[in-house]
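Dear colleague,

Please find the structure below, handed over for your reference. A summary of what was found in it follows.

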Amino acid sequence: MLPAHLAGLITRTALFAHLDDAQQAALARQLHWMCLPGGQTLFRPGEPADALYLLCSGSLGVFDGPTTLVHQLCAGECVGEMSLLSGNPHRLAVRALRDSELLRLNRSAFEALVERHPGAMLDVARLAVERLMRREHHVEAPDKPRTFAILPVDAEVPARELAMKLARALEPFGHCAVIDARIGAERSSDWFAQREADTRFVIYLDTDGDPLWRHRCLRQADVLLLPARAVETAKPWPEAAPGHPSRARHRPRHLLLLHPAGHVLPGAARRWRAQFSGELTHHHLCNEDDFARVARLVSGHGRGLVLAGGGARGLAHLGALKALREAGQRFDVVGGTSIGSIIGAGVALQWDTDTMMQTYHDAFVRGRPLSDWTLPLVALTRGRRATRMLRAAFGEVDIEDMARPFFCVSTDLTGEDRVVHRRGPLWLWLRASSAIPGVLPPVLHHGDVYVDGALIDNLPTDVMSDDGIAHITAVSIRADVRLRTRLEATATPPWWRLLMNRRDDRGWPGLVSTLTRAAMVNSEEISERCRTLADVLITPSLEHVGMLDWDDWDRAVEAGYRAAVKVLEAQG
């Protein structure tokens, strides 16, 4: 008689679900149980394929090279079947991301099953090939975490309250169970595997600091959630794994900073992040909305907003944002380039629509940040007005202290190409992201030379996608608004004729407009690819708005509003 838990596992496995009871029983007799501790390798590239593996519990990572995680496997999935079917050596490495239990079907047993049940096992091969093709064409849904460990830094953290709020916020995406030491202590691995099979999400919660239970939470988790009270003095976690990425074994680590005062404490993120090395995401939790946002982000359901550069035409972002907010759209993460990053910063700081309109009207229309012309030895403007405008609008805020996760993109002319800024003074990196070559002086920082991010990536949805954000809304400012003239010339005429031609609206394109548009054209091919990554793409019609025509505020804002409304109406 096939054990009930094993029968259920085989039935839930796509490769074997279509087998009848007798065939499943024959398969089960050939499966051998094995345990793979977190961090250990199942097989390496180039090793011969001698078995396929069915994951019972835990999580496996498929790696291309030492650190690049290309696929994550959860309970009920198989690995190794393609190499077994093809007879070729393994192409990628597979390692346990956390303690895992597997069932192994070796090559001889697989071949015997093929002889006894050729039709059924042929279906297995077909399903394996179809799954491979879906992966290669990116048809499969992205992997989403299922188990979380809440490991507070100390007993002062209200970890149980945090767990309950996160569990409620996860419910729209599937049932969530919370297991603490009282419920889970001294349970068998089969018990934990069954809990994970019965629910979409499991939160493993430590409230007492018991080392054995904390270690169990670490072993069971796909994602580590590390809460701390922002006002406290920063200190390392009791165990080594949260602080060191090599011991976290490629599992995402999220630092949760609790702010009892209801607003972000400046400098807290920097203090607490100093306790870690390697990749780490942090979140500020000040109110109930923040718990829902964190739940979406850590479970792979986050919503992101990306805003493109485009000079004065980027004012259309304000109209698009107004329409999106009227439709109830909210975003968990924000990123952008050039003026898109400047306006996106207001979203990440949670400014309301009226505040954004007033602030940016004062900054761009009344402030005229590009009006401090100078002898063009470095650039046409001195850059002081632009810098003063950004510092007046955003003060001394650091990016890591913003209410919502935020990034902006610049171009490093020293040799690093595109740079994604996630930490440091907000005004400084907004200034770098918008430094149009030839118009604004570059930002010189620690020996590097930074200019406008639009040179390389004017619509950084690729950054947002690589961060694992599930749904991306993008507002794109295209570079195909042409600079036109009715002249035929290769050299500029005397100054008085230039002025006359400009008055007749048939003269040479202005130097500033030429430089601004040239900065965007270089990245237009990349931007075209990035547009395909957006789930919602808004492209305002801005043919009649000049690149630096800040006085066209009303026309640009209205164009953005109309474009967003049209897209939202089309979606129903």
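**Sheet, flanking helices and helix contacts**

Helix H12 (residues 288-298) lies across E7, E10, E11 and E12, and runs at about 160° to E12. Please bear in mind that this is a predicted model.

The strands just named belong to an open sheet of six strands, ordered E8-E9-E7-E10-E11-E12 and paired in the parallel sense. Its edges are strand E8 (176-179) and strand E12 (281-285), each of which pairs on one side only. From one strand to the next, the twist averages 20°. At the E12 edge, strand E11 (residues 253-258) pairs with E12 in the parallel sense over five bridges, and Leu257 stands opposite His284 in E12. In general, strands of a sheet pair through backbone hydrogen bonds, either parallel or antiparallel.

A further helix, H9 (residues 211-220), lies across strand E7 (147-150), E8, strand E9 (201-205) and strand E10 (223-229). The direction of H9 is at about 155° to E9.

H12 also meets another helix. The axes of helix H6 (residues 159-170) and H12 come within 8 Å and cross at roughly 65°, and H6 passes H12 in a right-handed crossing. On the H6 side, the contact is made by Leu162, Lys165, Leu166, Ala169 and Leu170; on the H12 side, by Glu288, Phe291, Ala292, Val294 and Ala295. By class, the contact of H6 with H12 has eight nonpolar, no polar and two charged residues.

A second helix pair may be described in the same manner. The axes of helix H13 (residues 316-326) and helix H22 (residues 553-571) come within 6 Å and cross at roughly 40°; H13 and H22 are therefore oblique to each other. The crossing of H13 past H22 is right-handed. H13 contributes Ala316, Leu318, Gly319, Ala320, Lys322, Ala323, Leu324 and Glu326 to the contact, where they meet Trp553, Ala556, Val557, Gly560, Tyr561, Ala564, Val565 and Leu568 in H22. The residues of this contact of H13 with H22 divide into twelve nonpolar, two polar and two charged.

One residue of H13 deserves separate mention: His317 is placed in this helix. Is His317 buried or exposed? His317 counts as buried because its relative accessibility is 0%, and buried means under 20%. Not counting residues up to four places away in sequence, His317 touches Leu307, Ala308, Gly340, Ile343, Val475 and Ile477.

Yours sincerely

Methods:
Residues numbered from 1 in each chain as written. Predicted model: local features only at pLDDT ≥ 70, side-chain atom pairs only at ≥ 80, totals over all residues. Heavy atoms only, no water. Axes fitted to C-alpha atoms, helices over the stretch in contact; angles between N-to-C directions. Helix = DSSP H or I, 4+ residues; strand = E, 2+ residues; numbered from the N terminus. Parallel < 35°, antiparallel > 145°, perpendicular 65-115°, else oblique. Left-handed = near helix turned anticlockwise from the far one by under 90°. Contact = heavy atoms within 4.5 Å. Nonpolar A, V, L, I, M, F, W, Y, C, P; charged D, E, K, R; others polar. Pairing = 2+ DSSP bridges. Buried < 20%, exposed > 50% of the residue type's maximum accessible area, 1.4 Å probe, protein only.
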